[in-house]
Amino acid sequence: MATSRTIQFELYTHCDPMFPTGSASAIDEIKFDTQGKELVLDCLLPSDAAVGNVIAVTATHELQRDVSFSGSYKLKEQDINSGTIELILKGHGEAGTYMTQLSLTGLTGGVKNVVDAQVELEHPILELDSSCKATYKENSPIKTIMSKLKEWKSDFLMA
């Protein structure tokens with residue numbers, strides 16, 4: 001059973017015994033967390049990550065190549081300082097194992113680093129049809145939280 005949502009880059013050198021095997025450099029037993037209809041992964045940054053680099057991530061179901069999720073993130077100074085970021089992936093798909101690839105690209109667009117891993121999705125994320133989109137948007141958890149915060153702010157200012 002998958003227990004972590006963290007994936008990491010590892011930099012291989014040619015003298016590293018794992019280099020020729022092409023072994024995935026991710027922590028074992030990774031699973032996606034979900035926030036609404038988005039998938040979430042934490043990413044430990046490689047030592048060569050720099051401000052302005054972009055991490056692109058794709059996840060494709062191992063049995064259904066037409067089912068996938070993707071996302072990208074441009075690194076900021078606070079990300080480099082903390083050494084970790086939260087990646088958000090959008091798309092749709094069934095539960096199961098996803099072949100997930102992260103690539104770190106430099107300022108000139110060249111690929112600096114790549115990692116592949118199998119990541120588990122425990123429940124399906126279904127594509128919303130146009131009639132469901134309005135309902136989901138109207139009942140969005142963010143909208144509910146924001147209205148509650150406005151209510152508390154109003155109560156606080158009245159006191």
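How many aromatic pairs does the count come to? The count comes to two, where rings of Phe, Tyr and Trp (its six-membered ring) pair if their centres lie within 6.5 Å, and planes under 30 degrees apart count as stacked, over 60 as edge-to-face and the rest as tilted.

Before the details, a word on what you are looking at. This is a predicted model, with residues numbered from 1 along each chain as its sequence is written; local features need pLDDT of at least 70, side-chain atom pairs count only at pLDDT 80 or more, and totals for chains, interfaces and linings use all residues. Side-chain values use heavy atoms, with hydrogens and water left out.

**Overall layout**

The protein has three helices and nine strands, and from the N terminus on they run β-β-β-β-β-β-α-β-β-β-α-α. Helices (H or I, at least four residues) and strands (E, at least two) are DSSP runs, numbered from the N terminus. The chain has 159 residues, and 31% of them count as buried; buried means under 20% relative accessible area, exposed over 50%, and partly exposed in between (1.4 Å probe, protein chains only). Take the contacts (heavy atoms within 4.5 Å) between residues at least 6 apart in sequence: 67% of them join residues at least 24 apart.

**How far to trust it**

On pLDDT, the predictor's confidence in each residue from 0 to 100, the protein averages 76, and 70% of the residues score at least 70. Among the elements, helix 1 (residues 77–82) has the highest mean pLDDT, 94, and helix 2 (residues 130–138) the lowest, 47. Over residues 11–28 the pLDDT is below 50, though this stretch has 26 contacts in the model beyond near neighbours in sequence. Residues 130–137 also stay under 50, and there the model has six contacts beyond four places in sequence.

**The aromatic cluster**

Back to those two pairs. Phe 32 and Tyr 98 sit edge-to-face, 6.2 Å centre to centre with 80° between the planes. That pair links distant parts of the chain: Phe 32 is in the loop between strand 2 (30–31) and strand 3 (33–35), while Tyr 98 is in strand 8 (residues 96–105), 66 residues apart. Tyr 98 is buried at 0% relative accessible area. Tyr 98 also pairs with Phe 69: the ring centres are 5.6 Å apart and the planes at 65°, so this pair is edge-to-face. Here, too, distant parts of the chain are linked, with Phe 69 in strand 6 (residues 68–74) and Tyr 98 in strand 8, 29 residues apart. Phe 69 is buried, with a relative accessible area of 1%, and Phe 32 counts as buried at 4%. Put together, Phe 32, Phe 69 and Tyr 98 form one aromatic cluster.

Leu 89, found in strand 7, touches part of this group. Leaving aside neighbours within four places in sequence, the contacts of Leu 89 include Phe 32, Phe 69, Glu 38 and Val 57. Leu 89 is buried, with a relative accessible area of 0%. In space, Leu 89 and Leu 41 are 8.2 Å apart, C-alpha to C-alpha, with their positions 48 residues apart in sequence.

**Salt bridges**

Side chains of opposite charge can pair when their charged atoms come close. The structure holds two salt bridges, each defined as a side-chain nitrogen of Lys or Arg within 4 Å of a carboxyl oxygen of Asp or Glu.

| Salt bridge | Closest N and O atoms |
|---|---|
| Asp 33 and Lys 31 | 3.3 Å |
| Lys 90 and Glu 38 | 3.5 Å |

Why does the pair of Lys 90 and Glu 38 tie together parts that are 52 residues apart in sequence? Because Lys 90 lies in strand 7 (residues 84–92) and Glu 38 in strand 4 (residues 38–44). Lys 90 counts as exposed at 53% relative accessibility, whereas Glu 38 is partly exposed at 24%. In the other bridge, Asp 33 counts as partly exposed at 25%.

**Out on the surface**

The protein exposes about 10,000 Å², with carbon and sulfur atoms supplying 55% of it; accessible areas come from the Shrake-Rupley method with a 1.4 Å probe, and for residues only the protein chains shown count as cover. Ile 145, Met 146, Leu 149 and Trp 152 form a nonpolar surface patch with about 420 Å² of accessible area together. Patches are made of residues with over 30% relative accessible area and no salt bridge, with like charges joined within 9 Å and nonpolar side chains (Val, Leu, Ile, Met, Phe, Trp, Tyr) within 5 Å. Trp 152 belongs to helix 3 (residues 141–158).
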